[in-house]
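The following paragraphs lead through a protein model, from its sheets to its cavities and its covalent cross-link. Please keep the display at hand while reading.

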Amino acid sequence: MMHRRPGVLAMVPMLVLAMVLTTTACGNEDPTGPDPTPMPEPKPIVLGAAVAETGRLSTPGAEVSRGYRLAVEMLNEQGGIGGRKVQLVIHDDGSDADASVRLYQEMIASDSITAFLGPYGSGITEPVISVTEPVGIPLVSAAAAAPEIWANRGRQWSVQMSNPGPTYLEGSVELAAQAGARTVALVWEDTAFPTAVAQGIRDAARTWELDLVMEQAYAAGSADHKALAAMARDAGADLFIGGGYSDDAIAFARAVTAVEYRPLLTSLLLASGASFIGEAGAAGRCVIGNAAWDPSIRTEGYITTNDTFIRRYEAAYNKMPDYQAASGFGAVELLAEGINRAATPTGEIDRASIRDFLFATSKQTVLGPFGVYPLGDAQAGAQRDLKGIQIQWQDDGAGGLVSRIVHPPEVSQASLCFTR
């Protein structure tokens, strides 16, 4: 007769139960337990730019750069684009076209850029576009106004934020004529953007039947401002108009005072921002400047409103933004909305969809209205919705100067002041 060892079979259920409990405790069978492999962070969306932060174009160029930086910062505070962070790769091109082209070529070679933001200035933007267009990367040009960059060029990837150069000071000619001016002295830097502005001034002078008693171009960075102001004085010009970039505007305003020239009106390129009056001081009184934007105008874009943009800019840089900063900010707003719309279900970004959005949309940004000539048009990519304004530096009643819009009439804030 066989005998079993007592308790062996009785132990089996207990062993099974222990194994089950152990397995459950380890979490291997719990469908609601935590995922042991966390999802990787999505790749950032990368925007690339090279801007003049040093060199002769650094005053307005730095404004554009600050606009880019602030817009990306605020985008990321809001969660980025489609939940993906935005990375801004930005270089200083030193106000040099060759350096800017090389920097954009390096960014293209990195194969990491989703879209481009443009450099500062028409003379730099045109050669940069010649290398970004062929590779099919969208570019929003925040600060290039020369019309020849787009006219009859068949652009397919690059759009313009600025109102075209010939329109910049047309309003000043109109104001001068209405105030009784009969003669004009035109000075301009012999580069793409100021030359385009000068042509618009000539056309406006013909329209208003004003006589051009002086026309004088000067090489970039070589103007004898006092000598040119004295020539205009001796020619008896009622309107002194033109110039180049920010440094020229400051120097011409000072020169007019220094040579005791008292035209009826003085109108200078890039004489509208806080940086101009900060340097020109009392010499800026009654000077007119062009602007694409003014802090008093109510605007709203993809990221924020004009009021919030101004508040954040002042907090970051301890100064009021110039219109170049608003242009840079607005350029990022446009790209952000275009990229958000162009994302595929798999998270890829379709650059052609960004391009199609930029060429077809009519939108508001912090800068104001945006709309360009569509693909296939002779001027494809050129701005056609944004209109410039004329501001004048006037007495603020407390011993200082404040900018007031004086043209066009529908947004004018004040009557003109005159220096004679």
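Strand β6 (residues 183-189) and strand β7 pair in the parallel sense over seven bridges, where strands are DSSP runs of E with at least two residues, helices are runs of H or I with at least four, and both are numbered from the N terminus. Two strands pair if DSSP finds at least two bridges between them. The model is a predicted one, in which local features need pLDDT of at least 70 and side-chain atom pairs count only at pLDDT 80 or more, while totals for chains, interfaces and linings use all residues. Residues are numbered from 1 along each chain as its sequence is written, and side-chain values use heavy atoms, with hydrogens and water left out.

Within the β6-β7 pair, Leu-186 stands opposite Glu-215 of β7. Both strands belong to an open sheet of seven strands with mixed pairing, in the order β7-β6-β8-β9-β10-β13-β14. Its edge strands, each pairing on one side only, are β7 (211-218) and β14 (401-407). From one strand to the next the twist averages 25 degrees; axes are lines fitted to C-alpha atoms, for helices over the stretch in contact, and angles run from 0 to 180 degrees between N-to-C directions. Helix α6 (residues 192-207) lies across β6, β7 and β8 (239-243), and runs at about 165 degrees to β6; contact here means heavy atoms within 4.5 Å.

At the β14 edge, strand β13 (residues 389-395) and β14 pair in the antiparallel sense over six bridges. Asp-395 has Leu-401 in β14 as its bridge partner. Five residues lie between the strands of this hairpin, and Gly-397 takes a positive phi near 85 degrees.

A further open sheet has five strands in parallel pairing, ordered β2-β1-β3-β4-β5. Here β2 (86-92) and β5 (158-160) are the edge strands, each pairing on one side only. Neighbouring strands of this sheet are turned by 20 degrees against each other on average, direction ignored. Strand β3 (residues 115-117) and strand β4 (residues 139-141) pair in the parallel sense over two bridges, with Leu-117 opposite Val-140 in β4. Helix α2 (residues 58-77) packs on this sheet, touching β1 (45-51), β2 and β3, and its direction makes about 165 degrees with that of β2.

What empty space is enclosed? The structure holds two cavities of 30 Å³ or more. A cavity is a set of points on a 1 Å grid over the protein atoms alone where a 1.4 Å probe fits but cannot get out, and lining residues have an atom within 4 Å of a point. Grid points are joined across faces, edges and corners, and a volume is the space filled by probe spheres set on the points.

The largest cavity, of about 150 Å³, is lined by 17 residues, with Tyr-120, Ala-143, Ala-144, Ser-162 and Tyr-168 nearest its centre. Helix α11 (residues 323-342) gives the largest share of this lining, three residues. The second largest cavity has a volume of about 50 Å³, and its lining includes Ser-246, Leu-270, Asp-322 and Tyr-323. Both α9 (274-280) and α11 give two or more residues to it.

One disulfide is counted, the criterion being a pair of cysteine sulfur atoms within 2.5 Å. It joins Cys-286 to Cys-417, with an S to S distance of 2.2 Å. The link of Cys-286 and Cys-417 is left-handed, with -140 degrees about the S-S bond. Distant parts of the chain are thereby linked, 131 residues apart: Cys-286 lies in the loop between α9 and β10 (287-291), and Cys-417 in the segment after β14.

Terms used
1 Å grid on protein atoms, 1.4 Å probe; cavity = no way out; pocket = protein on both sides within 12 Å on 5 of 7 lines; lining within 4 Å.
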